[in-house]
Amino acid sequence: MSNSKVFSMPFANVYPLYIQKAEKKGRTKAEVDTIIFWLTGYDKQSLQQHIEQKTDFETFFNQSPQLNPNVSKITGVICGYRVEDIEDELMQKIRYLDKLIDELAKGKAMEKILRK
């Protein structure tokens, strides 16, 4: 799949999959939301607006209030790529989110996921 297809994909289409992945492993929607809030700076209301408006990933990340300053602490492999080595800035942000949701589903403690 080309980057442009991923970037134009509505966040609202992927969000339920993040929740489903977490809930399959005994985690919660609230934890998924906490991760999204931490990463992007969105709050509950602004996240809901993006879901309702079916905002694409590119707009979702470009309009995010503030990327968390600790994103550089997110390291490791997701989808066969080291997140810290991804050159495309938008793809890296998407993969950061994928990585954090993956860590949640693997049972990692929230405090470690949020790099505290």
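# Chatting through the rings and a helix

User: Starting with phenylalanine 60: buried or exposed?
Analyst: Phenylalanine 60 is buried, and its relative accessible area is 0%. Buried means under 20%, exposed over 50% and partly exposed in between, using a 1.4 Å probe and protein chains only.

User: OK, and what sort of model am I looking at?
Analyst: A predicted one: local features need pLDDT of at least 70 and side-chain atom pairs 80 or more, while totals for chains, interfaces and linings use all residues. Residues are numbered from 1 along each chain as its sequence is written, and side-chain values use heavy atoms, leaving out hydrogens and water.

User: What about phenylalanine 61, buried or exposed?
Analyst: Phenylalanine 61 is buried too, with a relative accessible area of 2%.

User: Let's talk rings. How many aromatic pairs are there?
Analyst: There are seven aromatic pairs. Rings of Phe, Tyr and Trp (its six-membered ring) pair when their centres lie within 6.5 Å; planes under 30 degrees apart are stacked, over 60 edge-to-face, the rest tilted.

User: How do phenylalanine 57 and phenylalanine 61 pair up, then?
Analyst: They're stacked, because the ring centres of phenylalanine 57 and phenylalanine 61 are 6.3 Å apart and the planes sit at 10 degrees. Both of these phenylalanines are buried.

User: And where are phenylalanine 57 and phenylalanine 61 relative to each other along the chain?
Analyst: Both belong to helix H5, residues 57–62, and they are four residues apart, so about one helical turn separates phenylalanine 57 from phenylalanine 61. Helices here are DSSP runs (H or I, at least four residues), strands likewise (E, at least two), numbered from the N terminus.

User: Back to phenylalanine 60. What is its arrangement with phenylalanine 61?
Analyst: That pair is edge-to-face, because the planes of phenylalanine 60 and phenylalanine 61 meet at 85 degrees, with the ring centres 5.3 Å apart.

User: Which residues do the ring pairs link into a cluster?
Analyst: Phe57, Phe60 and Phe61 are in that cluster, along with Phe11, Tyr15, Tyr18 and Tyr42.

User: New topic: helix H6. How many of its 17 residues are buried?
Analyst: The buried count is 16 of the 17, so H6 is largely enclosed by the rest of the structure.

User: How far apart are the end C-alpha atoms of helix H6?
Analyst: They are 24 Å apart, and that agrees with the 24 Å that residues 89–105 should span at 1.5 Å a residue. The expected span is 1.5 Å times one less than the number of residues.

User: What follows H6?
Analyst: Glycine 107 follows H6, and its phi is positive, near 90 degrees.

User: Glycine, fine. Which residue other than glycine has a phi near 55 degrees?
Analyst: That's cysteine 79. You'll find cysteine 79 in the loop between strand E1 (77–78) and strand E2 (81–82).

User: Is that cysteine 79 side of things buried or exposed?
Analyst: Cysteine 79 is exposed, at a relative accessible area of 52%.

User: And what's the phi of arginine 115?
Analyst: Arginine 115 has a phi near 50 degrees, again a positive value in a residue other than glycine. Arginine 115 lies in the segment after helix H7 (110–113).

User: Arginine 115, buried or exposed?
Analyst: With 11% relative accessibility, arginine 115 counts as buried, whereas cysteine 79 is exposed.
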